[in-house]
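User: Please take a close look at one part of this model, the open sheet, and then set it beside the core and the ligand surroundings.

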Amino acid sequence: MKSEHPKPVLLADYRAPEYLIDTVNLDIALDPTKTRVVSKLSIRRNPQSKSTAKAPLRLDGELLHLESISLNGKKLRRPAYAIDDTGLTIASPPKEPFTLEVTTVVNPEKNTALQGIYLSRGVYCSQCEAQGFRRITYFLDRPDVLARYTVRLEADVATAPVLLANGNPVARATLPGRKRHYAVWHDPHPKPSYLFAIVGGDLALLDSTFTTKSGRKVDLGIYVEHGKEARAHWAMDSLKRSMRWDETRFGREYDLDVFNIVAVSDFNMGAMENKGLNIFNDRLILASAETATDTTYESIESVVAHEYFHNWTGNRITCRDWFQLCLKEGLTVYRDQEFSAESRSRTVQRITDVRQLRALQFPEDQGPLSHPVRPDTYIEINNFYTATVYEKGAEVVRMIETILGREKFRAGMDLYFERHDGQAVTIEDFVACFADVSDLDFSQFMRWYTQSGTPELVCDLTFDRRKKAAELTVHQTLKPSHGKAKKQPQFVPLAIALLGENGNEMDFTVEEGKEIRPGVLAITDRTTKFRFGNVTSRPVPSLLRNFSAPVNVTIALSDDDLAFTMHHDSDLFNRWQASNKYAARSILTLLDAKRPKPLVASKAAKFAAALEHALRNPDLDDAYKAELLKLPSVADVSREKSVRVDHAAIFEAHRAFSGAVAEKLADTLDDVYARTSNGRKFSPDAKSAGRRALRNAALSLMTMRGMDEDYTRLETHYRKSSNMTDAAHALVLIAGVDAPARESVIQHFFERWKDDHLVIDTWFSAQAQSPRAETLDDVKALCTHPLFKITTPNKVRALIGAFAMGNPLQFNRADGAGYDFLAEKVLAIDALNPQVASRMLGAFRSYRSLEPKRKNRAKAALKRVADATHLSRDCREIVSRMLE
Ligand code: ARG
Ligand code: ZN
């Protein structure tokens, strides 16, 4: 491998490019092993660059075979140019604008890293973000170089009848001999190289049209494997709704004659927003009642929207450099979350998003991989497509909306689109738009982008009955992290209500402390104090309503206060929050209990009573009730513990508590299960999905009792299922218990779905996530299964990823065998696909909070990875941050 200790890239070192590229003409002749790329670039000095007159031209390039190079039509010979492992240098290019023509050859078949041009089940496709274009041709492969692209693609008619690239189609024809053909595409919008894409293959098309609000007719195409066209309708429907939504909510219209999506089976991430040609992991396009769960339908809807929304937030306005990644990702996640909230239930969407943030981003921010939403240093940028940049980045945008209110926020967005269209900009440019429309000072707010870590708000509320007044004190702390010992207090919008005796919100006045808007307090200092008047009885505080900021709040509340909040809070998010907290806290108290049995019974009885009240409430919808019924997971409870975590002990306490709650709620759960019974025709709409979610949540909880009748019900649920939501839910549950039907159900599912490469991933995952002691052995055996392929990221994620990230009990086996297994697999994968390997290493991110024995075993496994002689830059960076 190349350099073992590469130098970090620093935000502080950013310089404008010395050269610009205005137009790019590419001629790409696709071939499985020898794809030839002829690139014609018109290049000129950047008038903005501060560099001296004699600037060599340095182009990025990796794993390219250079065939020829000429400048202004004259062949260049060494030493006029030089090449090395990472690029090409022309020592003294002309001062005047010039044309550079370069011919390179790449090998798609051997491309297991899946960056640049590669083959996925016989389909040529490309992935350029972040720095994959340099694996196609030599280029200024950085986001602040915007060029207009024309692409001619040539391929065999037989294997690649479909030829696609960015922009609009210009021409296509068959070549003499009729074996080869070509297509020409032109993209009128200047774009950075990371948005470049091509596809060539034998694919089926689902097409449709969309007319934009100003009357532009757009041809929409979704390309999928032959025979799968019917499974693309949901994605098409989602696309059209996204296009309309961006017009109404943000005034953004589409800007090309065509919009194409291609689904491929081998893909490192979820999807990619290449201009006019989104490329998707097929898992996020294909759906039918028989093959996709409701969760998959939801993911498809939100990712199709996400990639489409990038057309404005990412493509029309892009990032100046990769440190600004959250400029497009955080903002676009915020936008797709809003879209989903308006397409479904806003509260349930909020719960789902916060669950996700806490499960993925909080641990990242509390461990060795912690980094600011806008990092200021990286070694491998692909390691920064993180929950912090994406999900916390979205929360930061949402806080701006909370601070400004809907209308002002929209005005700020309008200004952003107007001011920066066609530019590559920074977070400062983005935030300045909101400062400009509001006259507010956002300088303290900027710390959300520059400081890492989850702020802790320790709150205390006192009540003075005589004065009818209450005082709230908020202490803010932000733990030091590597390289940043001292952190400054952040600006936190804290949404709050005080609930009175009858459960209604009190109409209090704020007499001391700053209110940003009614009900939203400004937390600005290490200690911020508030005084409220007109508080007529002892208030129960409802803090951080709707999760108004990505922080942790602690305040002393009794179990009765939590139950009271579960019944009365007008903020439904906080009702769920109270329920979740109540359950997690109950489980944690069992851990140190001297006499656990009676304690389980009493804790469970109290919690079950509160839950039952909510389940019987006719005003709450099924999807919301399902969220209440999903008790916090073992991983959720482990996070609450945060030090000396022993997953086996937590698992036991969790099981005891859940089983006891199920016992207490037996009749209610039976009712819920019966009332939501199936038999209706499948529809993916939110209401039907909510009903299924509630039924399956009830089934899960009932199964926790572990009685014969529960296992019988579970098997029947599987056998009678008429859609994948129910079938997959039952499969996962049954794979996790020693039910008599376990083996036969697993076998049945396999036989039914072995020919479907997407559905079979559920079969791998279900077994990998089982808490049974045999799981690691099963996973090892499945690694040699004929349908498992270590070069296919979806397979790696379904089996190894599901085990390492979705099975806290067995991954964290006391003997360390889970860690050893992962270390070994990471090394094997790293040799093929560094991006996927480095993601898998992320499973170790919280190892420091484990109890000492497990912690040492995890550390030893990490050390073995670190000691490997050939390690990618991706894994090297992650493993050294973990061990430092
Ligand atoms: N921009 C893509 C998105 O929509 C993600 C691409 C990530 N690719 C990568 N190689 N890290 O979120
Ligand atoms: Zn994105």
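Analyst: Two strands are taken to pair if DSSP finds at least two bridges between them. In this predicted model, that criterion gives an open sheet of five strands, which run in the order S28-S31-S26-S25-S33 with mixed pairing. Its edge strands, each of which pairs on one side only, are strand S28, covering 509-512, and strand S33, covering 552-554. From one strand to the next, the twist averages 30 degrees. At the S33 edge, the partner is strand S25 (residues 456-464), and S25 and S33 pair in the parallel sense over three bridges; within this pairing, Glu456 has Asn552 in S33 as its bridge partner.

Turning to the core, the largest nonpolar one has 250 residues, and those with the most contacts inside it are Ile198, Val199, Val262, Ile279, Ile285, Leu731 and Met840. Val262 can be followed further: once its neighbours within four places in sequence are left aside, Val262 is in contact with Cys125, Leu164, Val199, Leu203, Tyr223, Ile279 and Phe280.

As for ligand 1, there are 13 residues around it, of which Glu129, Met269, Met272, Asn382 and Tyr385 come nearest. The elements that give two or more residues to this shell are strand S20 (271-272) and helix H2 (294-309). By character, the shell around ligand 1 divides into five nonpolar, four polar and four charged residues.

How values were computed:
Residues are numbered from 1 along each chain as its sequence is written. Chains are lettered from A and ligands numbered from 1 in the order in which they are written. This is a predicted model: local features need pLDDT of at least 70, side-chain atom pairs count only at pLDDT 80 or more; totals for chains, interfaces and linings use all residues. A nonpolar core is a set of buried Ala, Val, Leu, Ile, Met, Phe, Trp, Tyr and Cys residues joined through C-beta atoms within 7 Å. A residue is buried if 20 or more other C-beta atoms lie within 10 Å of its own, exposed if 12 or fewer, and partly exposed in between; C-beta atoms are placed from the backbone. Two residues are in contact if their C-beta atoms, placed from the backbone, lie within 7 Å. Helices (H or I, at least four residues) and strands (E, at least two) are DSSP runs, numbered from the N terminus. Axes are lines fitted to C-alpha atoms, for helices over the stretch in contact, and angles run from 0 to 180 degrees between N-to-C directions. A residue is near a molecule or strand if its C-beta atom, placed from the backbone, lies within 6 Å of it. Ala, Val, Leu, Ile, Met, Phe, Trp, Tyr, Cys and Pro count as nonpolar, Asp, Glu, Lys and Arg as charged, and the others, Gly among them, as polar.
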